[in-house]
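The following questions deal with helix packing and strand pairing. Each answer ends on the item asked for.

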Amino acid sequence: MPSTPSYTRTILWLDPQQVAFAHHIAQTVPLKVIAWGFPPGARPAADDPTEAFPDATRFDNPRRILRDNEPAFFLQLSGAPAADAPGDGPPSDDPEFMEECRDRAITVASLEPTPATASACSEFSHAGAPDPAHIIPLIRDTSAWRDAAEAIEHFGPIRTVTISCRAPARTGSLAARLLDAMHLFHALLGLPESIDAAHAAPSAPGGGPPVTSRSLRRIRGDLTANLRVGLQRAASLTVSDRAGQWFRGVTLLAESGCLRLDERGFEHHDPEGALIASSSVEPERLHPDAAVDAVSHTLRRLLDHHRPPMAPIDHRTILAMCEAAVLSAATGQAESPQTILQIARGGL
């Protein structure tokens, strides 16, 4: 097992329904939670954070809590807004907050896309600005993906891709699942020409009709998308934050057969069905809850300074793909990620 910092001093930003989830993560990694914060107006739900984190204090102002403590880690589980953050985003949307974290050598990780638009990435790209937060957990950071790297490299030109990311709401929003799927898709086939998406929204509060939001941060429910990547190729994805159980997987089809991968491992079968390659060892389980296990594995790797740093992601491009899917679901028409990228760069 890789070495990990012992009880990393941690500040949490979370929603009330995420208390038990956060508690399990903190015990598994392990993290020493010294402070926790809820969005303005949020009240504790069934799980009491003062019982889950008895040695921690509640905060409302993220920047002040950095100065009043000596944390090594800021873990953002919620995309809900902070009181002192610009716009309607969580703490890590604020470049000044991220700059303060960098200056204090505080690692920042988020389960939610941050910032939430491709255009907002420009605020992080000016001279001297810090990088956005580490987005976790991503399928490409799993041990199963690393084990399958050689098989994928020799798989040959991909003909068809199908990606599925589904989970309960307490483990992150629909945006979190969508970004994970788009990040994997981009690694496999690059930037799609267009995205044609459909959305199934949960019932609105008070029994009103379901609503499809145009905001990546506000959209909830299920989303499917067909991604156009040129002739003689097919690609689709399904994501949900109302699925009940955590699952992330991908199926690749090519002339060399079928490769299926999830967090437990992979199998590559030839066109006749014969097994060519597979995982030899199932990944170690840190926790019986698959979502806690996924986040904990990623955090152990992120916080282990003896291991190579995790690869950065192209936030602007991946967010443009996510925004194109959300816009398509709202308009009913296929949308171009490239157009959103050009607008984000000031090109249109």
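Two strands pair if DSSP finds at least two bridges between them; helices (H or I, at least four residues) and strands (E, at least two) are DSSP runs, numbered from the N terminus. This is a predicted model, in which local features need pLDDT of at least 70, side-chain atom pairs count only at pLDDT 80 or more, and totals for chains, interfaces and linings use all residues. Residues are numbered from 1 along each chain as its sequence is written, and side-chain values use heavy atoms, with hydrogens and water left out.

Q: In which sense do E7 and strand E10 (residues 234–240) pair, parallel or antiparallel?
A: Seven bridges link E7 with E10. Along this pairing Arg166 is opposite Ser240, and Cys165 is opposite Val239. The sense of the E7 and E10 pairing is parallel.

Q: How many bridges join strand E7 (residues 158–166) to strand E11 (residues 247–254)?
A: E7 and E11 run antiparallel. Ile163 has Val250 of E11 opposite. The number of bridges joining E7 to E11 is eight.

Q: Which strands are the edge strands of the open sheet?
A: The sheet has eight strands with mixed pairing, in the order E8-E9-E10-E7-E11-E12-E13-E14. Neighbouring strands in this sheet are turned against each other by 10° on average, direction ignored; axes here are lines fitted to C-alpha atoms, for helices over the stretch in contact, and angles run from 0 to 180 degrees between N-to-C directions. An edge strand pairs on one side only, which holds for strand E8 (194–200) and strand E14 (275–278).

Q: Which residue in E9 is the bridge partner of Ser194?
A: E8 and strand E9 (residues 222–228) are paired in the antiparallel sense, over seven bridges. The partner of Ser194 in E9 is Arg228.

Q: Which residue takes a positive phi in the hairpin of E9 and E10?
A: E9 and E10 pair antiparallel through five bridges, with Ala225 opposite Leu237. Five residues lie between the strands of this hairpin. The residue with a positive phi, near 105°, is Gly230.

Q: Why does H8 count as oblique to H10?
A: The axes of helix H8 (residues 174–189) and helix H10 (residues 315–331) come within 9 Å and cross at roughly 120°. Angles under 35 degrees count as roughly parallel, over 145 as roughly antiparallel, 65 to 115 as roughly perpendicular and the rest as oblique. The crossing angle therefore makes H8 relative to H10 oblique.

Q: How many charged residues are in the contact of H8 with H10?
A: Contact means heavy atoms within 4.5 Å, and the residues that meet include Leu178 and Phe185 in H8 and Ile318 and Val326 in H10. Ala, Val, Leu, Ile, Met, Phe, Trp, Tyr, Cys and Pro count as nonpolar, Asp, Glu, Lys and Arg as charged, and the others, Gly among them, as polar. The contact of H8 with H10 has 10 nonpolar residues and three polar ones, and the number of charged residues is zero, that is, no charged.

Q: Is the crossing of H1 and H9 left-handed or right-handed?
A: H1 and H9 have axes 9 Å apart and pack at an angle of about 45°, which means H1 is oblique to H9. A crossing is left-handed if the near helix is turned anticlockwise from the far one by less than a right angle, and right-handed if clockwise. The crossing of H1 and H9 is right-handed.
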